[in-house]
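Please look over the sequence and the model below. The report that follows takes up the ligand, the pockets and two spots in the backbone.

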Amino acid sequence: MKHQAKKRFGQNFLVDQSIIQSLISAIQPQENDLMVEIGPGLGALTKPLLAHLKHLHLIEIDRDIIEWMQGQYPAEKITIHASDVLKFDFAQLLTAGNKLRVVGNLPYNISSPILFHLLPSLASIQDMHFMLQKEVVERMVAEPSSSEYGRLSVMLQYYLQMEYLMTVPGTAFDPPPKVESAFVRCVPHTQLPYIAKDTECFAKVVTMAFSQRRKTIRNTLKALLTDADFVALNIDSQLRAENLSVQQFVEISNYLG
Ligand code: SAM
């Protein structure tokens, strides 16, 4: 199809066949997987995925692409959900006894909102494989006390085990994005390593602590914790948010709740 890439939909289409093959090998699609692709675009991943799968769900916002895609495959192979992924309810795809596998070369302009939108559905998700801005993937997998470690790292690592799979150069896309990309695998923890009693409180503590990342947590969490509280928690109040582990954020949250 002749298609002018739309910037507002973050359209950077994958064109490098050897990279596409590496992505498919990493995903390892199995015939009966209950799989959903976010943003199929012109089918760079859709086609090779469908070579392995009986059926694939697609979520796409671009009307031109939806119309074209409908003509590409018989109805039993694909189900197109013409929707904004940020408004899409993933639970509606569930079938008895099957967990969802989510894949996509995501629109980079809304990649973090997509990740946060998926968190409430994680109990129904087997795994997720995403192409994202390299810098975002680095933040997702970052260790404490590194400059990439932040709210995204803590919030996602609480729920997910993540693996940086490969770096993908701009030349693999048309049009090429201005930044490098990376492919990441995210698997929900079978058992959460640390359990926050109140996940809203946990999210609030993390957001507050990172609101001014140069400041100490004594300062950023002043409204929540006194010096005596930090002593009781056995956490040095002179640390910055970037020095705290996921476990320590959970401990603070549970202390408050
Ligand atoms: N999968 C294709 C590929 O790898 O070549 C296209 C990837 S492109 C980076 C992102 C895709 O997500 C586009 O097809 C775009 O139209 C779609 N998209 C953008 N925003 C979306 C949204 N809010 N909801 C659903 N799809 C969206």
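In this predicted model, the side chain of E37 has an N or O atom 3.4 Å from a nitrogen atom of the ligand. E60 and N105 also make polar approaches. A polar side-chain atom of E60 lies 2.5 Å from an oxygen atom of the ligand. For N105, the distance from a polar side-chain atom to an oxygen atom of the ligand is 2.9 Å. How much of the ligand does the protein bury? Taken alone, the ligand exposes 590 Å², and the protein buries 97% of that.

The shell around the ligand holds 23 residues. Of these, L14, G39, E60, V85 and N105 come nearest. By class, the shell has twelve nonpolar, seven polar and four charged residues. Two strands, β1 (13-14) and β3 (56-60), each give at least two residues to this shell.

Where does the ligand sit? The ligand is in the largest pocket. That pocket has a volume of about 440 Å³. Its lining counts 30 residues, and F9, G39, E60, N105 and P107 are the closest to its centre. β1, β2 (34-38) and β3 are the elements that give two or more residues to this lining. E60 thus has several entries here: it is among the residues nearest the ligand, and it is among those closest to the pocket centre.

The second largest pocket is lined by A5, K6, K7, G10, Q11, N12, Y108, N109, P175, P176, P177 and K178. The table sets out both pockets.

| Pocket | Volume | Lining by class |
|---|---|---|
| Largest pocket | about 440 Å³ | 17 nonpolar, nine polar, four charged residues |
| Second largest pocket | about 260 Å³ | five nonpolar, four polar, three charged residues |

P175, one of the residues lining the second largest pocket, also takes part in a cis peptide bond. The bond joins D174 and P175, with omega about -10°. P175 is found in the loop between β8 (173-174) and β9 (181-188).

Now for the other backbone spot. Which residue other than glycine has a positive phi? Q28 does, with phi near 50°. Q28 lies in the loop between α1 (17-27) and β2. Most residues other than glycine have a negative phi, and most peptide bonds are trans. Both spots therefore depart from what most residues and bonds show.

How values were computed. Residues numbered from 1 in each chain as written. Predicted model: local features only at pLDDT ≥ 70, side-chain atom pairs only at ≥ 80, totals over all residues. Heavy atoms only, no water. Near = heavy atom within 4 Å. Polar contact = N/O pair within 3.5 Å; in protein donor to acceptor, adjacent residues only side chain to side chain. Areas by Shrake-Rupley, 256 points an atom, 1.4 Å probe, with all protein chains shown as cover. 1 Å grid on protein atoms, 1.4 Å probe; cavity = no way out; pocket = protein on both sides within 12 Å on 5 of 7 lines; lining within 4 Å. Sits in = over half its atoms within 2 Å of the grid points. Helix = DSSP H or I, 4+ residues; strand = E, 2+ residues; numbered from the N terminus. Nonpolar A, V, L, I, M, F, W, Y, C, P; charged D, E, K, R; others polar. Points joined across faces, edges and corners; volume = space filled by probe spheres on them.
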